[in-house]
Amino acid sequence: MVSRMTYKSSFLNEAAARGFFYQSTNLKAIDEFLTVAGRRGYLGFDITAKSLHVGHLIPIFLLRLFQKHGHRPIVLAGGGTTKIGDPSFKDKTRPILTDEEIAVNLSSIKSCLVPFLKFGDRKSDAIMLNNADWLDKLEYIPFLRDIGKYFSVNRMIGFESVKAKLTANNSLSFSEFNYMVLQAYDFYELCVKKDCCIQFGGQDQWGNIVCGVELIRKKLGREVFGFTNPLLTTSSGQKMGKTAKGAVWLSKEMLSPYEFWQYWRNVDDADVIKLMYLFTDLNVEEIKKMESLEGQELNDVKKILADEITVITHGRDSLADVHNTAAGMFENAENDFSSAMTVPKYYLKRSNSKNISIVDIMAESGLCASRGDAKRLLRGNGVYINDETVADDYKVPDDLPVGATLKLSCGKKKHILIILE
RNA sequence: GGAGGGGUGGCCGAGCGGUCAAUGGCAGCAGACUGUAAAUCUGCCGACGAGAGUCUACGUAAGUUCAAAUCUUACCCCCUCCA
């Protein structure tokens with residue numbers, strides 16, 4: 001990684017300083033190229049899921065930075081390529097989605113991006129395109145003749161991403177093998193139609209990106225650039241973005257802002273500073289001062305991290321809810337939960353409270369995966385009502401009035417509110 | 001097309017007729033310790049059931065057997081070598 005170097009272009013300087021830069025083609029030329037505002041660069045997204053998740057955050061913030069420095073981000077949805085599936089470094093062949101599923105995913109993914117990028121028609125406004133618009137219409141023979149001839153199979157099978165699939169107990173289908181050709185063609189198409197001269201991507205996309213750069217050079221005699229970012233891993237080398245419930249999604253519907261905030265609040269000490277650089281708008285000097293912090297002070301930095309990234313992702317309004325909720329859940333001696341708005345709730349009929357066991361509530365509310373799971377937790381003293389450990393014979397007391405609220409916790413971090421009605 | 005090897009729980013990987021809901025590792029969850037962190041130690045980790053137990057699972061489908069993840073057959077998929 002390049003860090004100390006300074007560049008002519010402000011974008012490159014900041015991208016490098018914040019840890020977004022892994023490698024690029026022709027660094028000198030791209031630096032020069034980016035000194036002029038209004039350049040266009042694109043990033044392709046797979047649309048296999050309904051929402052983007054934390055793993056997409058680096059490229060998203062990279063585009064955001066690109067826009068901040070006066071350039072125009074193009075988001076390319078892989079409506080066409082998703083029908084094939086990128087084989088790069090994946091050990092399993094991707095499920096192939098139908099057109100309907102892709103259409104649904106496409107629109108919800110766009111709404112995931114809106115908080116991060118300003119879309120519109122002005123010079124540095126982002127635009128979103130779908131490669132199905134041209135890939136679906138390709139004709140095989142003309143494509144082979146006009147595009148395919150520029151690709152050397154000898155070279156393609158030399159790429160690390162392909163080698164991995166070719167050696168282990170893996171298989172690479174012919175259609176998957178074509179993925180990189182199509183991705184290269186996307187770049188070509190965007191270059192011709194939209195004057196797009198940079199492709200962004202994760203470092204695992206390097207091979208695919210270079211293919212596009214080469215295609216454009218050979219076919220148009222034009223120099224365009226590739227720029228990759230490092231992949232987001234935790235300090236222990238794991239991929240970031242997984243929790244008990246699955247991926248950390250960026251859409252409110254799939255993961256509440258409260259849980260989203262909690263994810264960042266709980267990151268490993270060793271990752272905090274790195275994440276501050278990547279995912280907040282605090283300036284580089286400010287973050288630099290935090291690098292030496294330890295212990296409780298570093299713990300507080302996590303709150304800043306969680307706040308900043310939540311505001312960017314879910315808006316300032318949801319942060320207030322998150323804070324109230326967190327305070328209600330963690331720092332609340334009086335058990336007053338009126339402010340804890342975003343915690344899941346379970347409504348219990350007053351008349352029915354005698355018949356419903358704690359195990360039922362835990363399973364029905366989704367707090368535990370099954371009744372057995374709930375019982376195990378109870379046995380292990382991991383269940384609390386208003387912060388008091390309870391056993392599996394716990395019943396909601398008879399003398400509580402309608403409207404009373406109890407906090408039910410699994411472990412120290414997962415909570416729901418039981419509301420009597 | 002031929003020969004051989006293989007498909008086991010979220011992942012890796014043992015098991016190769018009963019003692020197998022399936023060793024072990026990773027991941028995950030909880031407890032202790034802490035800072036809503038890490039590391040460490042302890043417990044849990046298919047579903048249902050208060051429990052005895054019942055059900056569902058070892059690529060898919062049939063079969064042999066009192067009994068199958070383990071044997072047979074067909075099919076599907078993957079890998080390696082040959083043509």
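**Helix packing, strand pairing and the RNA surface**

Modeller: Let's start with two helices: α13 (residues 272-279) and α15 pack with their axes 10 Å apart, at an angle of about 25°. Please keep in mind that this is a predicted model.

Biologist: Why is α13 called roughly parallel to α15?

Modeller: Their angle is about 25°, and angles under 35 degrees count as roughly parallel. The value falls under that cut-off, so α13 is roughly parallel to α15. The crossing of this pair is left-handed.

Biologist: Which residues make the contact between α13 and α15?

Modeller: From α13 come V272, L275, M276 and F279, and from α15 come L298, V301, K302, L305 and I309.

Biologist: And what classes make up the contact of α13 with α15?

Modeller: Eight residues are nonpolar, none is polar and one is charged. Lys counts as charged, so the charged one is K302 of α15.

Biologist: Moving along, what makes α15 and α16 oblique to each other?

Modeller: The axes of α15 (residues 295-314) and α16 (residues 316-330) cross at roughly 135° and come within 7 Å. Roughly antiparallel needs an angle over 145 degrees, and roughly perpendicular covers 65 to 115. The angle fits neither range, and therefore α15 and α16 are oblique.

Biologist: Is the crossing of α15 and α16 right-handed or left-handed?

Modeller: The crossing of α15 and α16 is right-handed. D307, T310, V311 and H314 of α15 make the contact with R316, S318, L319 and V322 of α16. By class, that contact holds three nonpolar, three polar and two charged residues.

Biologist: Now the strands. How do you know which are the edge strands of the six-stranded open sheet?

Modeller: The order is β1-β6-β5-β2-β3-β4, with mixed pairing. β1 (23-24) and β4 (127-130) each pair on one side only, and they are the edge strands.

Biologist: What makes β2 and β5 count as a pair?

Modeller: Strand β2 (residues 40-45) and strand β5 (residues 198-202) share three bridges, in the parallel sense. Pairing asks for at least two bridges, so three is enough. As an example, G41 has I198 as its bridge partner in β5.

Biologist: Which helix lies across β2 and β5?

Modeller: Helix α3 (residues 57-68) lies across β2, β3 (72-77), β5 and β6 (225-229), and runs at about 150° to β5.

Biologist: Which strands does β13 pair with, and in what sense?

Modeller: β13 (residues 414-420) runs parallel to β9 (residues 345-348), with four bridges, and antiparallel to β12 (residues 405-410), with six bridges. L417 of β13 stands opposite K345 and is also the bridge partner of K407. In the hairpin of β12 and β13, with three residues between the strands, G411 takes a positive phi near 70°.

Biologist: Where does G411 appear in relation to RNA strand B?

Modeller: G411 is among the closest of the 31 residues that surround RNA strand B, along with S171, S370, G372 and G382.

Biologist: What makes α18 stand out on the surface near RNA strand B?

Modeller: α18 gives the most, with five residues. At least two residues each come from α12 (257-265), α15, α16 and α18 (371-379).

Biologist: How do the residues of that surface divide by class?

Modeller: Eight are nonpolar, 14 polar and nine charged. Gly counts as polar here, so G372, G382 and G411 belong to the polar class.

Conventions: Residues numbered from 1 in each chain as written. Chains lettered and ligands numbered in written order. Predicted model: local features only at pLDDT ≥ 70, side-chain atom pairs only at ≥ 80, totals over all residues. Axes fitted to C-alpha atoms, helices over the stretch in contact; angles between N-to-C directions. Left-handed = near helix turned anticlockwise from the far one by under 90°. Contact = placed C-beta atoms within 7 Å. Near = placed C-beta within 6 Å.
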